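This report describes a helix and its surroundings, followed by pairs of oppositely charged side chains. The sequence and the structure are shown first.

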Amino acid sequence: MNNDKIPLRCHLKIKRIMSNTATVELDKAAAFYGGILGLELLMDHGWFRTYGSGEKMTVQVSFGTEGGSGTPVPDLSIEVDDIETALDRCRKANVPIEYGPVREPWGVRRFYVRDPFGKLVNILQHE
């Protein structure tokens with residue numbers, strides 16, 4: 001892609017970025033993202049549900065050749081304010097921990113799990 005050919009007519013502000021996963025098992029999303037991680041159900045059309053937080057979040061899109069410390073690149077990274085609570089909830093729900101918990105040299109404590117749809121989720125807390 002050649003950026004020289006893209007006209008920049010006006011400033012474009014990205015307001016939010018959403019991750020979408022196709023599934024017919026919406027209750028599994030409710031159990032993992034709502035129940036374990038505590039996200040609010042923000043929108044429910046019956047056929048499409050959005051979970052999130054009313055708090056202001058930073059817009060970020062990341063790309064990498066690895067996830068750090070030799071791990072695979074996660075499909076989704078979720079920063080929490082209390083990693084021990086998130087870890088405890090995953091363990092109580094019998095969600096297998098695929099990596100960690102570990103303190104990384106770049107200043108985060110994190111662990112990897114798979115959501116009910118097989119997506120690799122990096123749950124982290126900055127220290």
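A residue counts as buried when its relative accessible area is under 20%, as exposed when that area is over 50%, and as partly exposed in between. By this scale Arg114, with a relative accessible area of 36%, is partly exposed. The structure is a predicted model.

**Helix α2**

Helix α2 spans residues 83–92, and its buried residues are Ile83, Ala86, Leu87 and Cys90. These residues lie on the same side of α2, because the arc they cover around the axis is only 100°. An α-helix has 3.6 residues a turn, so residues three or four places apart point the same way. The cover over the buried residues of α2 includes α1 (26–36) and the strands β4 (97–103), β5 (108–114) and β6 (120–126).

Both ends of the helix can be described. At the N-terminal end, Asp82 acts as a cap, with a side-chain oxygen 3.2 Å from the backbone nitrogen of Glu84. Beyond α2 comes Asn94, which has a positive phi, near 60°.

**Salt bridges**

Side chains of opposite charge can pair when their charged atoms come close. How many salt bridges does the structure hold? There are eight, and the table lists some of them.

| Salt bridge | N to O distance |
|---|---|
| Arg109 and Glu84 | 2.7 Å |
| Arg114 and Glu98 | 3.0 Å |
| Arg110 and Glu104 | 2.9 Å |

In the salt bridge between Arg109 and Glu84, the closest N and O atoms are 2.7 Å apart. This pair links distant parts of the chain, since Arg109 belongs to strand β5 and Glu84 to helix α2, with their positions 25 residues apart. Arg109 counts as buried because its relative accessibility is 14%. Glu84 has a relative accessible area of 41% and is therefore partly exposed.

The side chains of Arg114 and Glu98 also meet in a salt bridge. Here too distant parts of the chain are linked: Arg114 lies in strand β5 and Glu98 in strand β4, 16 residues apart. Is Glu98 buried or partly exposed? Glu98 is partly exposed, because its relative accessible area is 44%.

A salt bridge likewise joins the side chains of Arg110 and Glu104. Both of these residues are buried. In addition, Asp27, Asp44 and Arg49 form one network, joined by salt bridges that share partners.

Technical notes. Residues numbered from 1 in each chain as written. Predicted model: local features only at pLDDT ≥ 70, side-chain atom pairs only at ≥ 80, totals over all residues. Heavy atoms only, no water. Buried < 20%, exposed > 50% of the residue type's maximum accessible area, 1.4 Å probe, protein only. Helix = DSSP H or I, 4+ residues; strand = E, 2+ residues; numbered from the N terminus. Arc of directions from axis to C-beta. Contact = heavy atoms within 4.5 Å. Polar contact = N/O pair within 3.5 Å; in protein donor to acceptor, adjacent residues only side chain to side chain. Salt bridge = Lys/Arg side-chain N within 4 Å of Asp/Glu carboxyl O.
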